[in-house]
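Colleague: I have a model open and a list of labels to check. Take me through the reasoning behind them.

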Amino acid sequence: MRAHLILALCLHLCSKAATEKCQLKHKGGNREFPANFSFGASTAAYQIEGAWNEDGKGLSIWDTYTHTNPERIRDRTNGDAAAESYHRFEQDLVALKELKVNFYRFSFSWPRLLPNADTTVINQKGIDYYNMMIDKLLANNIEPMVTMFHCDLPDALNKFGGFTNDIIIKYFHYYAEFLYETFGDRVKKWITFNEPFDYCVLGYGRAYFPPLVHSPGVADYLCMDNTLRAHAAAYRAYKAKYFSAQGGKVGITISSRFYYNQQNGGDESIVERAMQYSLGWLANPIFGKTGNYPQLILDDIWNNSMREGLSWSRLPAFDEFWSKVIKGSGDFLGLNYYTSRYAELADPADGEIPSWEYDSQLQYSVDEKWKQGKSDWLYCVPQGLEDILKWIRDHYDNVEVFVTENGWSDNGQLEDSERVDYLQAHLQAVLNAVNDGCNVTHYSHWSLIDNFEWNMGYTQKFGLFYLNLTSPNKERIAKKSARYYSSVIESGKIILS
Ligand code: BGC
């Protein structure tokens, strides 16, 4: 027994010892970022604003979900108060100024502006709040980059199917037009949706996020399909009616890992399969050549659907009309990159039938050398960021890329040396990619301040600034990583920590 314990302890320590420091080497070329490279920090409304029922705000699915299912949140908390940014934007602004960021990426709460989701009620107090933010940012030389939708779907829309009802295309289109009209004189960078894969697969496939629909391989695909069409409708409206006067850019933010193949000796076709099933699913229709889903996915899902006894595919290709509308509907690709995986073919396919896991026929693993964050899914793989940027360069005609999120979780300590390492290594990945001809122009770190981490509540912290949740003033206190990041922004080069 004792020998067993000693062996187990040794194995544990040995595997720990095998973990490598999170770092990446300079691969030659410039040591400085291009002069016009832009640095920022990101947040999202539900995760920081609080004031969930104040000043005419309507409910979002995250309000309803956290109130009716408190047990689903790790520490039984919610975003009712969060960082109180609705009342404390001045404190966020101080943090942004301290960082010396060029831009701030934040999201509008759709139900704070349009409590019924449509324009029957327009909430002036919501407009006033975002106007105040935008004006103060601009007065301080910080560019606003606005996400129109970051998880907090108006409850009003959820009542009749949310993203599975294609009427969301119309609702989102008019929400977007309302935003362009109200804020577009000052906001020049718009992101329609944040991470559709995540809110679709987690919300409509695996029932892990609201609206807790368990319909893998069907409703999650429908959600992504409607999202792509809603995105394109909003993009086209901007080009047709607002661009000539406002001159801004509209894009979408997609999350993806990069994938490596190990067991088959680096089989490129498996890497390609894994990339098409993640980034390609949403990026190919917009930035690819066909204006449609990757052919590989269309074929797989058609074949699986027939095998399952259906008379149609669970993922129909876009028809000619939609294909034309969607193709090219992005001035930039927003990329959220956190981590990577090894991918292998799963034979037979894993997962429920049907499901994304089953259709993709892949299984994933991690390297024991990769350092792990507080989140169980987060490993430090900076090389993956460099490689995914090159993959985008090669597959999508070197479209302009904004890295809209990238970050590390821990317990929230001020001496966050692991976050400094992570940040330094990922900035190096971006610089390496730039030096290799990738058209990456913006990098934004997740997150400005510690905030509500969805089902994990406040148990995992991503902030450059510590948030004192229990103090009445909710102070934002710079961590070591905030000081490090500001020194990079100020000098335009990667300082070695
Ligand atoms: C999301 C954020 C989230 C972060 C860390 C991203 O997927 O956009 O809202 O807090 O990852 O999990």
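The exchange below goes through the labels one by one.

Modeller: One caution before we start: this is a predicted model.

Colleague: What makes the protein as compact as a globular protein of its length?

Modeller: First the content: the protein has 17 helices and 13 strands. Its radius of gyration is 22 Å, and the globule rule gives 23 Å for 497 residues. The two values are close, so the protein is as compact as a globular protein of that length. The C-alpha trace spans about 70 × 60 × 50 Å along the principal axes.

Colleague: How much of the protein counts as buried? And what share of the contacts is between residues 24 or more positions apart?

Modeller: Buried residues make up 60% of the 497. Of the contacts with a separation of 6 or more, 77% are between residues 24 or more positions apart. The exposed area is about 19300 Å², with 52% of it from carbon and sulfur atoms.

Colleague: How many aromatic pairs are there, and which one can you show me?

Modeller: The count is 57 aromatic pairs. F33 and F39 are one of them, with centres 5.1 Å apart and 85 degrees between the planes. The cut-offs are 6.5 Å for pairing and over 60 degrees for edge-to-face. F33 and F39 therefore pair edge-to-face. Both F33 and F39 are buried.

Colleague: Why is the pair of F258 and Y260 called edge-to-face?

Modeller: The ring centres of F258 and Y260 are 5.1 Å apart, and the planes stand at 75 degrees. Edge-to-face needs over 60 degrees, so the label holds for F258 and Y260.

Colleague: Why do F258 and Y260 get their burial labels?

Modeller: Buried means under 20% relative accessible area. F258 has 8%, so F258 is buried. Y260 has 21%, so Y260 counts as partly exposed.

Colleague: Which residues do ring pairs link into a cluster?

Modeller: The cluster contains Y86, Y104, F106, F108, Y129, Y130, Y180, F183, W190, Y238, Y242 and F243. F243 also has K239 over its face, at 4.2 Å from the ring centre.

Colleague: How do you know that R229 meets the distance cut-off for lying over W322?

Modeller: R229 is 5.4 Å from the ring centre of W322. The distance limit is 6 Å, and R229 is listed as lying over the face of W322.

Colleague: Why is N336 called buried, and what does its side chain reach?

Modeller: N336 is in strand β7, residues 333-336. Its relative accessibility is 1%, so N336 counts as buried. The side chains of N336 and T404 share a polar contact of 2.7 Å. The N336 side chain also reaches the backbone nitrogen of E405 at 3.1 Å. Beyond four places in sequence, N336 is in contact with residues including R105, N194, E195 and S255.

Colleague: Why is H442 called buried, and which side chains does it join in polar contacts?

Modeller: H442 is in strand β11, residues 440-446. At 6% relative accessibility H442 falls under the 20% limit, so it counts as buried. Its side chain has a polar contact of 3.3 Å with that of K189. Another, of 2.7 Å, joins the side chains of H442 and T441. Leaving out residues up to four places away, H442 touches residues including F37, F103, M145 and F402.

Colleague: What is the omega of the peptide bonds called cis?

Modeller: From P210 to P211, omega is near 10 degrees. P211 is in the loop between α9 (196-205) and α10 (219-246). From D347 to P348, omega is near 5 degrees. P348 is in the loop between β8 (340-345) and α14 (356-360).

Colleague: What is phi for A82 and for N141, and why do they get their burial labels?

Modeller: A82 has phi near 45 degrees, a positive value in a residue other than glycine. A82 is in the loop between α3 (61-68) and α4 (89-99). Its relative accessible area is 3%, so A82 is buried. N141 has phi near 65 degrees, also positive and also in a residue other than glycine. N141 is in the loop between α6 (124-139) and β3 (143-149). Exposed means over 50%. N141 has 69%, so N141 counts as exposed.

Definitions and conventions:
Residues numbered from 1 in each chain as written. Predicted model: local features only at pLDDT ≥ 70, side-chain atom pairs only at ≥ 80, totals over all residues. Heavy atoms only, no water. Phe/Tyr/Trp six-rings, centres within 6.5 Å; stacked < 30°, edge-to-face > 60°. Buried < 20%, exposed > 50% of the residue type's maximum accessible area, 1.4 Å probe, protein only. Lys NZ or Arg CZ within 6 Å of the ring centre and 35° of its normal. Helix = DSSP H or I, 4+ residues; strand = E, 2+ residues; numbered from the N terminus. Polar contact = N/O pair within 3.5 Å; in protein donor to acceptor, adjacent residues only side chain to side chain. Contact = heavy atoms within 4.5 Å. Rg over C-alpha atoms; globule rule 2.2 N^0.38 Å. Areas by Shrake-Rupley, 256 points an atom, 1.4 Å probe, with all protein chains shown as cover.
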